[in-house]
Amino acid sequence: GGEKRRARGGRKKKREPATSAATHGAGGTTAAPTHHRSWSPPSLHLYKREFVIMHSPSKRLITSMSKRLAVSNLQGWADLPDDLLHSIVALLGSSLDLLAFAATCRPWRAAFFSHPSKSTLCFSCPPVLIRQNPIQPPSNGHAKPQRFNLVDPSNTGTNYRCQIREEILQKFYFAGSSYGQLIFFRHRCCLVVDAFSGAEVSPPCLPELNHNVFESYYCSTLTAPLASPNSRLLASTKSSLFDWPVGSDSWSELKLSNVQVRQIVELNGQFIAMDDHMKIYTLQLAPQLGLQDLPIEWCGGKIPSMDSKPFLVVCRDMLLMVCYSLVSLFRGSSFCTLHRLDMSTNPAKWVEMKKLDNWALFVAADIRTPPFSCVNPERWGGRSNCLYYTHHSEPWGVRWLGNEPDLLKDPSASRDLVFGRNMWRYPQSLWVYPSMFYSDRK
């Protein structure tokens, strides 16, 4: 074949140089991330060449665009109009593919940030799993450093290294995640780290604490992206709720009496908190921090207990409480019950739901990480009415949602991947969306 090509005067194409392991972030050595507040994807530049062949749903569109390029004055991919680039964004069903799109070139990055429905990406794409590599035995008396990789549920073959500094993972205690940021504490010191770029923000030190630091941080969350002028960092301890307006010089403190805030969510612009007894509050941020009891009745079904590991999750305009209960240790059957908060009545009501229709939920092992919801998961190969939960031995397990035991619906469901949640000193596997997905939130 080579002789025939030479006879026709053809030349053999020169191969492009392979991308280095350091650029991929999947192996080798990566440079320490620059400490700044702006987002920068140091580990995703490998997508520049690969984007147009990675994602099969967009192949027809790219072919059409190639024909348009041929009959227009456009010089190349970087000159594509925003409407066509926005069409590509709408077709992508993977968070890492969307990051790849934004990392392709400056015009494509600008098109991503100008996408009119960027805030919906956190419902239409599955979150990325940040997973700790299996712990390696010490070598020459020295412990192996912790390594965290990014895993995409829509393409489990992807595996890229997380850019968080090793020193943070060794010396700081994990306290939560929010808007693509991981939150760490060490004594009174706090550090907010972008899960993808490694960019760091250091808030001022908290006031003096008189109790154990690790046990005291029950909940840490941002009220808006870091770049938002209204962003605040909230941290819940055994007896206080602390508030840091991002960019200010100090924290304010709300003293709590017999209340331990375990979770804070935002529903249609209103912040709602849940304590360790499943009691619900509305959270006021201005003019000063405050909690107000929200009276709620239970409508239908058995009232769950704290042993059922309840957590709140937002599905667009719905607030759900999900509870897990093990029916039989011998058979391994279990329930994940659902209740929806109906605030149209006075008092509000928790209304039982039989199933979640075309939604899937994602929850991590640490109770301080926020659960996520994703609509039409079949779009990227997932399953509706299912709970995807992280596990130490496998990337994740899957449970059916509703009031039927798992084994009656899916006899192949693994009995070994037990769904459990707790507070952990160091980061466990957790779900997260890139911070750039929230750039249009105020």
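# A tour from the helices to the strands

Start by selecting two helices: Asp-82, Leu-85, His-86, Ile-88 and Val-89 in H5 meet Pro-107, Trp-108, Ala-111 and Phe-112 in H7. You're looking at a predicted model, so keep that in mind as you click around. H5 covers residues 82–91, and its axis comes within 9 Å of that of H7, the two crossing at roughly 70 degrees. That angle makes H5 roughly perpendicular to H7. Colour the contact by residue class and you should get 7 nonpolar residues, 1 polar and 1 charged.

Keep H7 on screen and add H6. H6 takes in residues 95–103 and H7 residues 106–113; they pack at about 125 degrees, with axes 6 Å apart. H6 is therefore oblique to H7. To see where they touch, show Leu-98, Phe-101 and Ala-102 from H6 together with Trp-108, Arg-109 and Phe-112 from H7. This contact of H6 with H7 splits into 5 nonpolar residues, no polar ones and 1 charged. Trp-108 and Phe-112 are worth leaving as sticks: they appear in the contact with H6, and they also meet H5.

Before leaving this area, select Phe-113 and then jump to Met-436. What is the distance between Met-436 and Phe-113 in space? From C-alpha to C-alpha it is 8.2 Å, although 323 residues separate the pair in sequence. Met-436 lies in the segment that follows strand E25 (430–432). Is Met-436 buried or exposed? Its relative accessibility is 2%, so Met-436 counts as buried.

Zoom out for a moment to take in the whole chain. The protein chain has 11 helices and 25 strands. Of its 442 residues, 51% count as buried. Take the contacts between residues at least 6 apart in sequence: 57% of them join residues at least 24 apart.

Now for the strands. Select E8, E9, E10 and E11, in that order across the sheet: these 4 strands form an open sheet with antiparallel pairing. E8 and E11 (252–255) are at the edges with a single partner strand each, so one side of each has no neighbour in the sheet. Look along the sheet and you'll find a twist that averages 15 degrees from one strand to the next.

Focus on E9, residues 232–236. How many residues of strand E9 are buried? The count is 5 of the 5, so E9 is largely enclosed by the rest of the structure. In a regular strand, side chains alternate between the two faces of the sheet. Here, Arg-232, Leu-234 and Ser-236 sit on one side of E9, with Leu-233 and Ala-235 on the other, and all are buried.

Next, look at the partners of E9. On one hand there is E8 (residues 219–222), paired with E9 in the antiparallel sense over 4 bridges. Within that pairing, Ser-220 stands opposite Ala-235, and Thr-221 stands opposite Leu-234. On the other hand there is E10 (residues 240–245), which runs antiparallel to E9 and is joined to it by 5 bridges. Keep Ala-235 selected and add Phe-242 of E10, which stands opposite it. Follow the backbone out of E9 and a hairpin of 3 residues takes you into E10.

Step back along the sequence to another sheet. Select E4, E5, E6 and E7: again 4 strands form an open sheet, in that order, and the pairing is antiparallel. At the edges you'll find E4 (173–178) and E7 (200–201), each pairing on one side only. Inside the sheet, E5 (residues 181–186) and E6 (residues 189–194) pair in the antiparallel sense over 6 bridges. For a single pair to display, try Phe-185 with its bridge partner in E6, Cys-190.

Last stop: colour by confidence. The chain's mean pLDDT is 75, and 69% of its residues reach 70 or more. Select residues 327–332, where the pLDDT is below 50; beyond near neighbours in sequence, this stretch has 10 contacts in the model. Then try residues 407–413, also with pLDDT below 50, where the stretch has 12 contacts beyond near neighbours in sequence. Where pLDDT is low, the predicted coordinates shouldn't be read in detail.

Conventions: Residues numbered from 1 in each chain as written. Predicted model: local features only at pLDDT ≥ 70, side-chain atom pairs only at ≥ 80, totals over all residues. Heavy atoms only, no water. Axes fitted to C-alpha atoms, helices over the stretch in contact; angles between N-to-C directions. Parallel < 35°, antiparallel > 145°, perpendicular 65-115°, else oblique. Contact = heavy atoms within 4.5 Å. Nonpolar A, V, L, I, M, F, W, Y, C, P; charged D, E, K, R; others polar. Pairing = 2+ DSSP bridges. pLDDT = per-residue confidence, 0-100. Buried < 20%, exposed > 50% of the residue type's maximum accessible area, 1.4 Å probe, protein only.
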